[in-house]
Amino acid sequence: MSYPPILVVHICAGSLGLLSGTAAMSFRKGSPRHVLAGKIFVASMLTMAIGAVYLAIVRHQPNNIGGGIFTFYLIGTAWLTARRRDGETRRFDWIVLLIPLTLGSLTWMNGLKVVRSGASSQDGVPAGMIFFMGSIMLLAAAGDIRMLVRGGVSGTKRIARHLWRMCFGLFIAAGSFFMGPSNRPLRLLSRVGIGQHLSPALFSTGLYLTLTILPLILLVFWLVRVRFKNAYNGQSMPPGSEGHSLAAAD
């Protein structure tokens with residue numbers, strides 16, 4: 001069985017996003033390797049998101065359409081946050097705000113529809129996860145509104161905005177890859193003749209779940225460090241530092 005070219009691009013971009021995102025969080029913050037890994041992460045994640053939306057449209061999967069658009073929004077706004085200066089906003093931001101606001105509202109409405117129907121999931125997605133994603137989307141919209149009303153973000157708030165959006169985008173990619181249908185990692189490795197030679201422990205649900213939530217754990221760690229460590233008091237993220245740019249972390 002051969003994969004369509006767009007699916008191959010989607011899978012390769014997602015895999016590269018997982019690797020480069022992990023590297024960006026591992027390298028010293030602000031170092032050349034960290035910045036390079038961050039740029040690769042942004043490019044691969046945006047490509048993956050575009051591929052996801054296209055495939056979801058072709059396969060008539062509305063939930064995946066929303067997930068792909070939201071991932072693109074998260075990575076795109078995180079990148080813009082890093083590129084801009086403290087307190088900088090544009091009229092375009094008011095338009096972008098409609099993305100999480102609309103997606104969050106539709107996702108919550110869909111979750112309520114699932115609950116009222118008496119079902120516990122939809123297309124394999126638990127109702128709780130539907131409400132969780134809808135809440136995150138609305139929180140992102142609330143963050144955009146607060147940023148626009150206050151005339152932008154600066155200092156640690158700008159770092160935190162950049163950081164949580166990048167990490168949550170990585171979480172979505174990890175969940176799609178590790179917790180996707182039909183044991184996707186094993187299926188892909190078996191396709192190239194490697195999976196059958198590896199230990200079954202490498203394809204356990206427990207390991208997949210750990211790898212999926214790891215970006216959220218790292219997200220909480222870095223947000224706490226950024227918000228409450230004295231080392232970050234008054235610090236600002238230099239414009240143009242793509243990736244998880246926490247220059248004051250080390």
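Which helix gives the most to the lining of the largest cavity? The answer is α3, with three residues. Please keep in mind throughout that this is a predicted model.

## The overall build

Let's start with the whole chain. The protein has 250 residues, and 43% of them count as buried. Its secondary structure comes to nine helices and two strands. Read from the N terminus, the elements follow the order α-α-α-α-α-β-β-α-α-α-α, with the two strands sitting between the fifth and sixth helices in that order. Among contacts with a separation of 6 or more, 74% join residues that are 24 or more positions apart.

## The cavity

Back to the opening question. The count comes to one cavity of 30 Å³ or more, and the largest cavity has a volume of about 130 Å³. It is lined by 13 residues, of which Thr81, Arg84, Asp93, Met147 and Arg161 are the closest to its centre. Besides α3, the elements giving two or more residues to this lining are α4 (92-96), α6 and α7. By class, the lining holds seven charged, four nonpolar and two polar residues.

## The second largest pocket

The second largest pocket encloses about 420 Å³ of space. Of its 18 lining residues, Gly143, Arg146, Arg161, Trp164 and Arg227 are the closest to the centre. Three helices each supply at least two lining residues: α6 (127-149), α7 (155-178) and α9 (205-228).

Here are the two spaces side by side.

| Space | Volume | Lining residues | Lining by class |
|---|---|---|---|
| Largest cavity | about 130 Å³ | 13 residues | four nonpolar, two polar, seven charged |
| Second largest pocket | about 420 Å³ | 18 residues | ten nonpolar, two polar, six charged |

One name to look for in both places is Arg161: it is listed among the residues closest to the centre of the cavity, and also among those closest to the centre of the pocket.

## The nonpolar core

Trp164, already met at the pocket, leads us to the largest nonpolar core. This core has 35 residues, and those touching the most other members are Leu18, Phe70, Leu74, Trp164, Phe168 and Ile172. Six helices each supply at least two of its residues, namely α1 (5-26), α2 (32-58), α3 (62-83), α6, α7 and α9. The largest share, 13 residues, comes from α7.

Phe70 is a good residue to display if you want to see this packing. Apart from neighbours within four places in sequence, phenylalanine 70 is in contact with Pro100, Leu103, Met133, Ile136, Met137, Ala140, Phe168 and Ile172. Two of these partners, Phe168 and Ile172, also appear in the list of core residues that touch the most other members.

## Aromatic pairs

The model has five aromatic pairs. In one of them, phenylalanine 132 and phenylalanine 168 are tilted, at 6.1 Å centre to centre and with 45° between the planes. Phenylalanine 132 belongs to helix α6 and phenylalanine 168 to helix α7, so this pair ties together parts that are 36 residues apart in sequence. Are the two partners buried or exposed? Phenylalanine 132 is partly exposed, at 33% relative accessible area, whereas phenylalanine 168 counts as buried, at 2%.

Phenylalanine 168 also pairs with tryptophan 164: the ring centres are 6.3 Å apart and the planes stand at 70°, so this pair is edge-to-face. These two residues are four apart in helix α7, which means that about one helical turn separates them. Phe132, Trp164, Phe168 and Phe171 together form one aromatic cluster.

## Two smaller sites

Finally, here are two spots to visit. Serine 154 has its place in the loop between α6 and α7, and it is partly exposed, with a relative accessible area of 38%. Which residues does serine 154 contact, once its neighbours within four places in sequence are left aside? They are Asp86 and Gly87. Serine 154 and glycine 87 are 67 residues apart along the chain, with their C-alpha atoms separated by 5.6 Å.

Glycine 66 is found in helix α3. This glycine is buried, at 12% relative accessible area. From C-alpha to C-alpha, glycine 66 and valine 53 are 7.7 Å apart in space, and their positions lie 13 residues apart in the numbering as a separation in sequence.

Note on methods. Residues numbered from 1 in each chain as written. Predicted model: local features only at pLDDT ≥ 70, side-chain atom pairs only at ≥ 80, totals over all residues. Heavy atoms only, no water. 1 Å grid on protein atoms, 1.4 Å probe; cavity = no way out; pocket = protein on both sides within 12 Å on 5 of 7 lines; lining within 4 Å. Points joined across faces, edges and corners; volume = space filled by probe spheres on them. Nonpolar A, V, L, I, M, F, W, Y, C, P; charged D, E, K, R; others polar. Core = buried A, V, L, I, M, F, W, Y, C linked by side-chain atoms within 4.5 Å. Buried < 20%, exposed > 50% of the residue type's maximum accessible area, 1.4 Å probe, protein only. Contact = heavy atoms within 4.5 Å. Phe/Tyr/Trp six-rings, centres within 6.5 Å; stacked < 30°, edge-to-face > 60°.
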